[in-house]
Amino acid sequence: MEHLRPFAPRAFQYGLAAWSWLDLAGMTPRLATVFGDVLLESLEGWWFLDTVEGSLELRWPTAVELTAELDSPAGRQDLLLEDLVVEAAAHGVSPGPDEVLTFMPHPVLGGRLSAASAVPVRLELALRMTGELHRQRFAPAPSPLLLGHSLQHATLAPR
């Protein structure tokens, strides 16, 4: 099984819409790991969207450096979660062509980072779910007083 996989641009677009609370402008999703983390390319270099941690990091200035780290034993373990992929496959859990593995329940909700909790889910749905979970943790929640109005249009003027 390939540890880095391409997906249709529409799948990335739909799934990454839930990550709009991060600034993804100017980044193009290129590949996803088996566990749904996304590698994005920009003029600055290559970014790593960690869907377990809910973080986005400019990690590699060039594709050569990206490849070198992901080919290293530490990169395969820490970023590609190779041991978990192999263990899940040994238990008969492998993603289909349009799927990635995700943790159910997700670690954000108290789930374990283990092969036993890995389940295949379509990429766009896995990204939507994890993006929403992390948005609720990190992004400010709109006030219930806005009653459906966007924060962009809400202003409080002193009287």
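A nonpolar core is a set of buried Ala, Val, Leu, Ile, Met, Phe, Trp, Tyr and Cys residues joined through side-chain atoms within 4.5 Å. In this predicted model, the largest such core has 18 residues. Phe12, Leu16 and Leu123 touch the most other members. Four elements give two or more residues each to this core: α1 (9-16), β3 (38-42), β4 (45-50) and α5 (123-138). Leu123 has contacts that reach beyond its neighbours in sequence. With residues up to four places away left out, Leu123 touches Phe7, Ala11, Phe12, Ala32, Asp98, Glu99 and Val100. A second core is separate and holds twelve residues. Among them are Val34, Val52, Leu101 and Phe103.

Helix α5 also contains His134. The relative accessibility of His134 is 0%, so this residue counts as buried; the cut-off for buried is under 20%. Trp19 lies 115 residues away from His134 along the chain, yet their C-alpha atoms are separated by 8.3 Å. The side chain of His134 also has a polar atom 3.5 Å from the backbone nitrogen of Gly54.

Helix α4 spans residues 82-90. Its buried residues include Leu84, Val85 and Ala88. These three lie on the same side of α4, because they cover an arc of only 100 degrees around the axis. The buried residues of α4 pack against two strands, β6 (99-103) and β7 (118-122). The face turned away from this buried side carries Val86 and Ala90, which are exposed. Gly92 comes just after α4 and takes a positive phi of about 85 degrees.

Notes: Residues are numbered from 1 along each chain as its sequence is written. This is a predicted model: local features need pLDDT of at least 70, side-chain atom pairs count only at pLDDT 80 or more; totals for chains, interfaces and linings use all residues. Side-chain values use heavy atoms; hydrogens and water are left out. Buried means under 20% relative accessible area, exposed over 50%, partly exposed in between (1.4 Å probe, protein chains only). Contact means heavy atoms within 4.5 Å. A polar contact is a pair of N or O atoms within 3.5 Å; within protein, one must be able to donate a hydrogen and the other to accept it, and residues adjacent in sequence count only if both atoms are side-chain atoms. The arc is that of the directions from the helix axis to the C-beta atoms.
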